[in-house]
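Dear colleague,

Please find below the structure that I am handing over to you. My notes on it follow directly after.

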Amino acid sequence: MCGIIGYIGSNVESNLYLGLERLEYRGYDSSGMTIKRNNDFTTYKATGVVEKLKSTIKENEEFGIGIAHTRWATHGQISIENCHPHFSSNGSTALVHNGIIENYEELKDDLIKKGKYFYGQTDSEVIAKLFDCKLDINNLRRVKKKLVGSYALAIISKNSDYIYFAKNKSPLYIALGSECALIASDPSCFVGFADGYITLEDGEYGKFSQKEVIIYDKNDKIVKKQPQKLDFSFINEEKSGYQHFMLKEIYQSRLALEKIMEVYRSYDIKEKLKELKNYEFDRIYLIGCGTAYHAGLIGGSYMREAFNIDVFCEIASEIMYKNLNIDEKSLCIFISQSGETADTLAALEYCKSRGGIIVAVTNTEYSSIARKASINFPICAGQEKAVASTKAYFAQCIVLYILTSYLKGNDYILPLYNFKRQIDFGDDNILKTLAEKLAGYDKVFFIGRGRDYITAQEASLKLKEITYIFSTAQPSGELKHGVIALIDKSVPVIVIATDENLFNKTLNNAYEIKARGGKLVLFTTLNTDSETEKAFDYIIKVKKPEKDFMPLQIILSLQKLAYFTAVTKGYDPDKPRNLAKSVTVE
Ligand code: F6R
């Protein structure tokens, strides 16, 4: 993970800080920046969230050249020593790095033998120590050849007016504005500074100043690249009156649906859908991680109902160990909000190497996954700032619904239009009261059948990642095969029941829990009778949409339940511990 930014222009400190705020979703264990002015460096570092850095910074309007970094710790603890930028032994070169250097131990041993001293434990410091020489293209090329692994690097020297860079596997973009030049892990850093940006490909390296960008490809040939237009619509910097981005983003699910309905009527998308239909395939794989994998499970359930072919849903980090039958007749759909998830990217390369048809469903059209796919279907959710994915999950499911409907030859606009009118975010008062109760427990179970079991998995993930309460999801029918041994009065069980045909069976499983003293909560779109109402301690009822949209309707209240529980416990739901929004390490 980690985010890097470099800036050449005036007000370097404040502009780098703005960039770090925009990149904070990539990690918030520590942050730092180094600025070069008058052939000297000034450095600021702080552990913890980016805001901690602010009080250390002395603003300076003068022209300068700077690099900055926000860290998600991989090698080495969270400490000032391990905080970027890192420095060469002679102190004249500073660099920031996103990625993992796989051969860093070997390189480090070699450098130690040569008498180099290491102040920290990171793999990134090893790269810095390889720069005890003049910073120029030849030396960058020489160092780059020694590195095995992933890297996005921005490097400055006390004696140069350029920022040097190199990219392999980790994302990196450059923008030239009218008064400044920037490099960053995410083009959202360029908003307000430039109208366009250049996407760097693996193996590329070079240098840039305020006036020019010089890029070499992986064969050391100079390449000319045309900037692409920066799309301003993805920026999401204000909480707009909400206490947290997470709550704002849950409510933005409706906006995402509206945007999808608009975009999926356009000529461009219609052409992409036609292209998809033209492929000949006899198997479908839906692949993602975490929440995106759960969206794949929902999409898979649509496709399995619609088509008479095998549909498999796979966790990206596991797919290569399963010896699956992936070939040129396999439609492989990669689902990723960020489009940069390393596990999903690795799975994509694996499926591509076996001849699979590669299609992406992403929220970031400039991302690596979107670019590596033959077709990318945007989910139009707008930038997600909170680490826990909410509106993106909703939008991913909608786009997978559209792909299914289109391939089946069904209209998708009218059902979506009807659903939009029925969206129900649940009753805040009941959800808050329930959250206050849940906050007092140290474990929570979720159960459901069919699609409700998928929702149970997503709801359980949301709760555990932002409240740190242990939670697990079980298929209702599976409880009695072992897990019911854990049920007693200290365990609340959240029952998700939106399928009329499965309601009674699920209720019977709920009664089995009740008989063993477990506390019961029902999340449903269905009508309940007095006997059911007596059995449950809480019932959250939301409007009943068309069957295919039940999981999307019910997840909104479950996302809010996780949110209110985190807030009750005094945690920041936007920045849960140990997590980052873009998981760019395998
Ligand atoms: C959970 C969450 C993660 C992501 C997962 C994949 O709330 O956000 O589980 O869904 O890390 O990320 P993307 O979708 O960016 O590939």
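Gly 206 has Ile 215 in E13 as its bridge partner. The two strands concerned, E12 (residues 205–208) and E13 (residues 213–216), run antiparallel and are joined by four bridges. A hairpin of four residues leads from E12 to E13. Please note that this is a predicted model.

Ile 215 also stands opposite Val 223 in E14. E13 pairs with strand E14 (residues 222–223) in the antiparallel sense, over two bridges. These two strands form a hairpin as well, with five residues between them. Within that turn, Asp 220 has a positive phi of about 65°.

The sheet that contains E16 to E20

Five strands make up an open sheet with parallel pairing, in the order E17-E16-E18-E19-E20. Its edge strands are E17 (310–315) and E20 (375–378), each of which pairs on one side only. From one strand to the next, the twist averages 20°. Strand E19 (residues 357–362) pairs with E20 in the parallel sense over four bridges, and Val 359 has Ile 375 in E20 as its bridge partner.

Two helices lie across this sheet. Helix H8 (residues 267–278) crosses strand E18 (330–336), E19 and E20, and runs at about 130° to E20. Helix H9 (residues 290–306) crosses strand E16 (283–288), E17 and E18, and runs at about 175° to E17.

The loop between E17 and E18

Which residues of this loop deserve a note? Asp 327 lies in the loop between E17 and E18, and Asn 325 has its place there too. A polar atom of the Asp 327 side chain lies 2.9 Å from the backbone nitrogen of Lys 329. Beyond its neighbours within four places in sequence, Asp 327 is in contact with Arg 283, Arg 354, Gly 355 and Gly 356.

Asn 325 touches Arg 283, Tyr 285 and Ser 330, when residues up to four places away in sequence are not counted. Asn 325 and Arg 283 are 42 residues apart along the chain, and their C-alpha atoms are separated by 9.1 Å. Is Asn 325 buried or partly exposed? Its relative accessible area is 48%, so Asn 325 counts as partly exposed, since that class lies between 20% and 50%.

The ligand

The ligand is surrounded by 15 residues, and the closest are Ser 336, Gln 337, Ser 338, Thr 341 and Glu 465. Three polar distances may be of use to you. An N or O atom in the side chain of Ser 336 is 2.6 Å from an oxygen atom of the ligand. For the side chain of Thr 341, the corresponding distance from an N or O atom to a ligand oxygen atom is 2.4 Å. Ser 389 contributes a backbone N or O atom, which lies 2.9 Å from an oxygen atom of the ligand.

The sheet that contains E21 to E25

A further open sheet has five strands in the order E22-E21-E23-E24-E25, and its pairing is parallel. Strands E22 (470–475) and E25 (538–541) stand at the edges with a single partner strand each, so one side of each is left without a neighbour in the sheet. Direction ignored, neighbouring strands of this sheet are turned by 20° against each other on average. Four bridges join strand E24 (residues 519–524) to E25, and the two run parallel. Phe 523 has Ile 540 in E25 as its bridge partner. Helix H16 (residues 500–514) packs on the sheet and touches E21, E23 and E24, with its direction at about 175° to that of E23.

Helix H15 lies across strand E21 (443–448), E22 and strand E23 (492–497), and runs at about 175° to E22. What span should the 17 residues of H15 (residues 451–467) have? At 1.5 Å a residue, the expected span is 24 Å, and the end C-alpha atoms are 24 Å apart, which agrees. H15 is mostly covered, with 14 of its 17 residues buried. Tyr 468, whose phi is positive and near 65°, follows H15.

A residue in helix H3

Lastly, Asp 109 is placed in helix H3 (residues 104–113). Asp 109 counts as partly exposed, at 45% relative accessibility. Asp 109 and Leu 345 are 236 residues apart in sequence, and their C-alpha atoms are 31 Å apart in space.

With kind regards

Key. Residues numbered from 1 in each chain as written. Predicted model: local features only at pLDDT ≥ 70, side-chain atom pairs only at ≥ 80, totals over all residues. Heavy atoms only, no water. Expected span 1.5 Å × (residues − 1). Buried < 20%, exposed > 50% of the residue type's maximum accessible area, 1.4 Å probe, protein only. Pairing = 2+ DSSP bridges. Axes fitted to C-alpha atoms, helices over the stretch in contact; angles between N-to-C directions. Contact = heavy atoms within 4.5 Å. Polar contact = N/O pair within 3.5 Å; in protein donor to acceptor, adjacent residues only side chain to side chain. Near = heavy atom within 4 Å.
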